[in-house]
Each structure stands twice: as C-alpha cells, then as structure tokens.
Amino acid sequence: MAQDLKSLRDYEDRTLEMLTASEQHILDRHDLIENLTRSKITSDEIANRYRENEFNERQINLARLCYVSLARRGSLLYFLINYLSRLNIMYQFSLTWFQRTFHSCILDYDTNRRMSMTNLTSDLDSLQRHNQQRRNSSLLSSLMSSPRHSIVEEPTADHASTHRRGSAKSFVTAINPQQREATLRLMVDRLTYTIYQLVSWSLFAEHQLLFSFLLTTTIEREINSDEKNKHSTAASEIILEEDGQEQQETKSEREAKLAHITRDEWTCFMSPMLATISEDKLAFINEQLPSLYLICQELLQDADQEFFKHPNAYLYLSRNEKYSHLSRFRCILLVKILRPDLLLPSISQYVAEKMGSKFLSSGFADIQDIYAHSSPQAPIVLLLSPGTDPTSLLLRFAKETRGSASHLDVISLGQGQGPKVEEVLSKALTLKGRWIFLHNCHLSASFMPRLRVLVNNFSKPGLELDSQFRLFLSTKPDAHFPLELLQLGLKMTIEWPVGLKSSLLQTFGPTGIVNEKVYENETLGPNWRRLVFNLAFFHAVIHERKKFGALGWNLSYEFNQSDLEVAVLELENLVRRSKNQVPSFDVFCYLAGSVIYGGRVTDEFDRRRLLRIIERFYCPETLEENYSYAGDEARQYSPSLDLNFSGLLSYINALPDFDDPRVFGMHPNTNRALMYVQASRVVEMLVTIEPQYRMMISLGTSSDSDAACMAIIEDIKATLPLSIETGFGPQARRITFENALAKISERLEHKYHAYSIFFSLLKQEIRAYNELLELVHATCADLRRALLGETVVNEVLEETQRTLLMHEMPRIWRKRSYPSTKSLRAWISDHLLRIAFFKDWTRLIVTYVEDNKTLSPLPPTFNIGAFYYPKGLFSAILQSSARSIALPIDQLKFSYQVLDQKEERLSTNDITNGITIDGIYLDGAQWDYELHQIVDCTSQQRTHRLPPLLCKLVPVKYLNLGKTNSLF
C-alpha cells in the first residue's frame, strides 16, 4: 500500500514539474498527456486494490473475532501459571514454552475441522493466494491455509472484482454458527486441559488442588457472560444483523451469568479463616455481602442444625431447594465461613462440577509420560521433596526401556564434580542414545552457571543431537538453580503422593515397586496378593500419619520407597521359605517394624505405635475375605483375595479422595483439626498468589493504599499503649510499683525467698512486652513519616505496609513477638488482654504492700496464655515450691487437679496450697463436668477451654495418683 502511494506521488510530482517547465501549449506536450494517462490508470488500480484490501481486512477481522475466546483463554492461563512462582521459585514457565504449547493445541487439531472452522470454500481460493504473503507469518494464516493448496497463479482483476461483489456472509456463515462455537469450545477445552496437565506435573502435591481451584475460579471470575457472548459470536451477530435476525440468549449463557464470581465474593473468600464464629467476626461478611450474611444467621439459628450435622455441607446447600438461588461459589463461601473443616472436600466437588473430574487428578506424572513429551535439547528437571531419591526410579525405567541401564550415567554433584560432568556430556553428544543423570544439583551452586551454558549449547546451529539423548537433572527447590533451565526444561516432582489412594496408585503403577509381574506371581501362592497389598497399604498408612503432626508421630520420619522395596523382598523370601506359603507373622512384624521401618524410628512411643499398627496388617485375620483394617465402617479398604491386577487398579481408583481417619487409628475429631489446618494453608497460599484481594479488605471502596495504611497505623497507635502501665500509674496512692517491689520483702518476711522467683518472672515479662510495644510504635512512626514523604521507604517499611494492608503481623514484629498465628486485628485484641493481666498483677503487688487485708501478692489465677514464656511459669512454681518445702527439685513432682466447681476456685493463690492456672485449651476434646473427665467432642467446635487447674508440687513418695479430678 505504501509503495502504491509512493508511485502515485511520483506521477503527481512529475506532472507538476512538466507543467512548470513547459513553454509550449499543454495540448502540444504528448509526453505530458501520456504521463497524465498513466497517472489516471495507476490511480484507478490503487483505488481498486485499496477497496480489495479493505474488503480482505474486514473478512480477516471477522474470522479473527471467532478466535477471541481462545486467545483470551490463552492469556488467562499464561498469567495464571506465571503467578505460581510466588508459591515456589521452581515453578517457572517461559512464554516461549507456552506459545509452543498453545500452537500445538491448535495445529494438532483435526485438519478438516480446522478448514471448516475458517470456511475454506472454493470461492476464496484466489483470495488466499493473493494474500498468502501477508498472512504467512500469522497464527491465523496457519489455520486458514490448507497443505493441499499451492500458489500457481496470481488472481485476475475480473476474479477479484467478482469476489468483491460477494457478501461477507459467505466467509463466515458457510457453516452453522453453533458448529463453529462447538468446535471453538473443544479447542478451548483442549488448551485448558493440556496446560493443566503439563503444569500439574511440575507442582508438588500440596499445590495441586490449589491450582485446580484457582484455574476454575479464575475462569469464572474473568470471563463475564456478556463479554463471552459478545466475543465468541461476534462474527455471527454481524451476519445475523445483516439478515434482520436477532440473537437470543441461550440457557447456557444465562447459567454463565449466574456462575460469574464477583469481586466482593472473591474478596470474602480471601479473608482470614474463622476458627470460631462470632457476631463481630461476621461483620465483614455483612459489609461485603449482606444477603450472604442473612443466610449465615439463618443457618446458625436453625434449631435442628442440619447444616452443621450434615457430613457434606456443600452437597447440602447445592441440593437443598431452599438455597437453590445460591451460586455454587456462594455455597463454597458458606462452607468456608461456617464449616471450614469441610472446605477442601467442597472445593474438590466444586472443581469436579465446573471443570470435570479429570481436573482433580493427583497430578502424579509417570516417568514414561515425561519422557514421551521431552526432547534432546531440553533437560528433564526432577524437583525433589525431602527424603526422596529418583535414582532407583530412573534405573528401573532405563531397564524397562532398553533392557539394561548401561546407557545411563549417574553423577551426584558436589565439590569438584564439574569437570567430570563436562567430560561425560561431551562424550555423550558423540555417542548414540546416552542418558545423563545429574543428581542433587542444589549441592553444586557454583557449577550451575556453567551447566546453563552447556545446556544452551545443545541448541547451537549445526549441532545435531541424537533423538534418544536425554539429560536428567534433580534438585530441591533452590534459588541458585538457573531459571533458564527451569523455563526450558520439562519439570516433574518427585515426592510421596498425598493420600492413601495416590500412594497406592504410585506403588502399583507401571514404574512402581509392585507392578503387575510382582503382583501376579503365582509361584508365591494364593495369599501373596493380599500379603503384598497389605504391605503397600501399611507403608502408605505410616507415611500419611505424619500429616497429623505430633498426633501422628512424636517425631517426623521420612519413610521412603527403598523401605518398601526392601520389605517386599523380605516378604517374598519368607513366603518362599514357608511350607504353606504363609509367612510367620511374628517374624515379619519384627523385621518390618523393628528393622526395616523401625530402624528410622528413634522415639520409644513411636516404636510401640509402629509395632501396633503393623500387627493390624499382618495377623491371621488379614487373610480372611472380609477383613477390615479399621473396623466395620471402613470395609472398602479390604480388596478381594482373588482380585487380579487390573481389578486391583480399578479398586484403588474407586477409593475416596479423602481418607477416613480410623484407617490410621485416629479419632474423627483429629481429621477435623487436620482439615481445618489444610484449608487455612490453602487460603493463605491463595493470598500469596493474589495478595491484592486481601488488601481490599483494608481499602474498602477506596483505591488509595497509602490512606488505608495510614488509617491502620493511627488505629494501632490509639489502641496499643506505649508501655505497660505498672501499679496505678498517676493515680498511685502512695508508692509506685518499683517501690512496692523494694518493700515487699518486709511484708513477706521469711516467705520472700520462695516468692521472689515470681517477681523476677513478672519483671522479665514486663520488659519483653515493653520492648515489643516500643518496636510497634517506632515502626508505625517510621512508616507514617515514609507515607508523608518525610523519609525514604526501605525494604522493611515496604514489607510492613504490605502486611498491614493484608491484616497480618509484619515480619519485624513477629521476630520480637511471642508465637502467634492470629491475624493482625485478633493479635492486637489478644495483646491487650495479655497486657491487662500483668497490669492487674502490678496493682495487686502495690495493694498488698499498702493494705494488710490483701492475703497474697500473687493473682488468684494465672493466665498461662498471657506469658511470653509459658515454661517460665512452671519453672517458677517448681523453684518456689522447692524453696518453700525445702526439698530438692528432683524429689518433687507436679500434681494437677481440675477445678470444675465454682466453690473450688475461691481460694487465693499460695505456694503451699498450690497455684491456679487458667487458659488451657483442649484440641479435639472437652471436659465433662458431670463425669469429671476428658471426653470426645460432642459438638462441631474443635477446641474447648479446660477449667482452671490447681498446680501443686508434692514429694514423689507422697504423690497420690488416685486423687479425684486429677489429670496425672
């Protein structure tokens, strides 16, 4: 087009020049007339080409609009996976990799359908050939070009003019618009699932459900039904409007509007989890979503409490006609607010309902799949979790692939291994079919830059790599690992899967320890299948118990695949040696429980627990047909004795995604506590990815983050005192707290030596709290000056502002503070209660010195939750009692009595009579005031407050273990 305009301008300039220089009559200048004629012809040709280009551009734009939904989905997916690096630095995905995957999802589609999508009719062949050069570099051209067409001639003017008279409708509406939309929907679904599958292989198990949920909600949030209808059917709307037809809203589009997630709904979901439900904690819900707040009140005030008793809260809301007006995401919101322990199962059901169950796969990638998707130029990066070693996995895969592992070179990186790696790589590039495995790259950070250069040389022009060559790299998450290699390579996580179902699928997988050949070994007798399944199940159980924390194992143990592999070999040897092909259960329990697995266990109670667990899997009853590992309610965990390998895989796939805690020998309340912790972790990880939504809680309707932060600072400064006000402050009667401490020895006389330890503890606590308060006020003052522009903003102040807007404790405060998992607002409220306790104690000491009616300088009840160092309180009780009784510490023992009667709490604290302690909570249990003992929870509430304890030191020889209401 620019060349045409230049030619026309040249003719005009030449004509003006000839007219200016001409001395003859114009009609006598034949050259001038000829130039004007050529100018007129060129002008007409340019005008025709301009109209033709304008027509072609309109056709291309119409065709391009058909693919807007696909382009938008691609953009949404790329930015979503780009944010995953905030969770783990190893989650790196390059734009080049994404573009290659995006193109493959489109170009690998069926050719005939692709041609139909773009309406390659015969009357457009000339138009294609005419614009081949222009469209050759675009993605649209690859979709509009057929490999069977070739450029043989240039279009004629008559053909072009005939085509221009055609309607735009012939380009877009040659096929049914519904068919076009269906094909586009299939392409979008293919792209979405392909990206999900490839990315999930690179994620650790704790992030896989999070990614599925984030993918689902991102699509629901970003694709508004109005915009979706506008873009996906824009071309059809234009043509239908030309025909005088009207586009009507379909049922699916109306459902899409209902499924759309608003910003207020997502902001509520990103708010902190509620451990307990109260009116003030629901105030934020009332501000953001008043209609949802009314439903919360309705459910809380329900006399039958059906919602709180139902085992599946999400299913109760979604299938109840009373709440049919709620969107599925609002059902998730209600579960998060009122039943947080059921949030993860509800999220799984929500994802399965919106995206399909295939988006809930475990994400465990088989090494065969990774190998099939890999190339010689890009390394395969194995991301390691603690206690994992992929060496045996690669060796088994190498043997299964080529019959032996001689083509695999394994090098464990470390100091001085760099030259050896370069030598092996240089030889491998000249040989055929070599595999190189560089293990533990995180241990050789200095060699990583050189490794990046070596891998980049694989793509140098002129270097031809063997198609069977592969480079495997294993590393733990490490900031020194080259990001370029992470973006270039195909990543795969190596870890023990989460859940019994995933663990069993890995054990019995194609590259698992128990494959079909091992499981179907008929020479080991009819009981071999059950015996080896019991071992795999036992291995999964003891590994999964660590998710319960200290309730599962006192110490953390890393049971790995090598333990299971050795145990299978030992079980096979025992079966072969036995006469009736049934091993001695006592012998195998000792080998597995005390040697193979027990060798890792160092705690005596954990060892006893391990032996007790393995006895449930290896006893004569386990060979019965209907044996259950966890009681009658968990029969689904015992497969049939004659089940073949394919049937076993089907049986494992049918297991529930969330495990019954009774299989682990745990109470259901334990699982409720675990599910709450896991749900809180998921919400916090979402906040890490999208922190702006947590900040919206502070911003409200305002968009000024500085003003919102300034308001938070002013509120903190007005709420928290500068220091703990000791004594009565300015209203002190006659003496101050410091003077009272100096004179208290006169009042206590010989008892002072025993009580002095409590006074030292009080001064230590006050000093710690005052230092924290001073830091809080100093940080707020510095941040305030920085927001006003009076000082420079440093990294500490920037991080403080960000965490304050997210209603979290700044890191600089957390380092000085006592351990706390509370949000900022809850932490401030708790801090004020702690300060009030020590303030009242100082006033009590002043009153005790001035007033003889006060019987003790100690509080009637010690709130153990107020102490910076709770162990210090017990140390003070122990030392003071030892001084009072005049006995060594090792001859005294604590005795506790639960004061569940109000009459028992009226006594004043005295060292000889015992110290009353309050503020202890029971997790998963409660105190029965009638039976006077700890019992299981009878309500949905997880934690219950224990009545005050009377803590008393008594000589060991006089300790009465049978005392009423005694815990020990």
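This passage describes the fold of a predicted protein model, from its overall make-up to selected residues.

The protein has 968 residues, and 50% of them are buried. Its secondary structure consists of 43 helices and 13 strands. The accessible surface comes to about 48,000 Å². Carbon and sulfur atoms account for 51% of that surface. Contacts often span long stretches of sequence. Among contacts between residues at least 6 apart, 75% join residues at least 24 apart.

Nonpolar side chains in soluble globular proteins tend to be buried together. In this model, the largest nonpolar core has 127 residues. Leu-84, Trp-266, Phe-269 and Leu-438 have the most contacts inside this core. A second, separate core contains 72 residues. Its members include Ala-740, Leu-748, Tyr-755 and Leu-805.

Two open sheets are considered next. One has five strands in the order 2-3-4-1-5, and its pairing is parallel. Strand 2 (408-412) and strand 5 (490-494) are the edge strands, and each pairs on one side only. From one strand to the next, the twist averages 20°. Within this sheet, strand 3 (residues 435-439) runs parallel to strand 4 (residues 470-475). Four bridges join strand 3 to strand 4. Trp-435 stands opposite Arg-470 of strand 4.

His-439 also belongs to strand 3. Its relative accessible area is 9%, so His-439 counts as buried, the limit being under 20%. The side chains of His-439 and Ser-474 are joined by a polar contact of 2.6 Å. Beyond its neighbours within four places in sequence, His-439 contacts Leu-384, Asp-389, Pro-390, Thr-391, Ile-411, Ser-412, Leu-413 and Ser-474. Leu-438 has its own set of contacts. Residues up to four places away in sequence aside, Leu-438 touches Ile-411, Leu-413, Val-421, Leu-451, Leu-471, Phe-472, Leu-473 and Ser-474. Ile-411, Leu-413 and Ser-474 are thus among the contacts of both His-439 and Leu-438.

The other open sheet has four strands in the order 6-8-13-7, with mixed pairing. Strand 6 (862-863) and strand 7 (892-898) stand at the edges. Each has a single partner strand, so one side of each is left without a neighbour in the sheet. Strand 7 pairs with strand 13 (residues 949-955) in the antiparallel sense, over seven bridges. The bridge partner of Phe-894 is Leu-953 in strand 13. Helix 43 (residues 870-885) lies across strand 6, strand 7, strand 8 (915-918) and strand 13. The helix runs at about 115° to strand 7.

A hairpin is formed by strand 10 and strand 11, with four residues between them. Strand 10 (residues 925-928) and strand 11 (residues 933-936) pair in the antiparallel sense over four bridges. Gln-926 has Val-935 of strand 11 as its bridge partner. His-932 lies in the turn and has a positive phi of about 55°.

Most residues other than glycine have a negative phi. Two loop residues depart from this pattern. Gln-305 has a positive phi, near 55°. Gln-305 sits in the loop between helix 18 (290-300) and helix 19 (306-309). With a relative accessible area of 24%, Gln-305 is partly exposed. His-807 has a positive phi near 60°. The loop holding His-807 runs between helix 40 (795-805) and helix 41 (811-816). His-807 is buried, with a relative accessible area of 13%.

Pro-526 is a further loop residue, placed between helix 29 (516-519) and helix 30 (528-544). Its relative accessible area is 63%, so Pro-526 counts as exposed, the threshold being over 50%. Pro-526 still makes contacts beyond its sequence neighbourhood. Not counting residues up to four places away, Pro-526 touches Gln-581 and Leu-641. Pro-526 and Leu-641 are 115 residues apart along the chain, yet their C-alpha atoms are separated by 7.9 Å.

Definitions and conventions. Residues are numbered from 1 along each chain as its sequence is written. This is a predicted model: local features need pLDDT of at least 70, side-chain atom pairs count only at pLDDT 80 or more; totals for chains, interfaces and linings use all residues. Side-chain values use heavy atoms; hydrogens and water are left out. Buried means under 20% relative accessible area, exposed over 50%, partly exposed in between (1.4 Å probe, protein chains only). A polar contact is a pair of N or O atoms within 3.5 Å; within protein, one must be able to donate a hydrogen and the other to accept it, and residues adjacent in sequence count only if both atoms are side-chain atoms. Contact means heavy atoms within 4.5 Å. A nonpolar core is a set of buried Ala, Val, Leu, Ile, Met, Phe, Trp, Tyr and Cys residues joined through side-chain atoms within 4.5 Å. Two strands pair if DSSP finds at least two bridges between them. Axes are lines fitted to C-alpha atoms, for helices over the stretch in contact, and angles run from 0 to 180 degrees between N-to-C directions. Accessible areas come from the Shrake-Rupley method with a 1.4 Å probe; for residues, only the protein chains shown count as cover.
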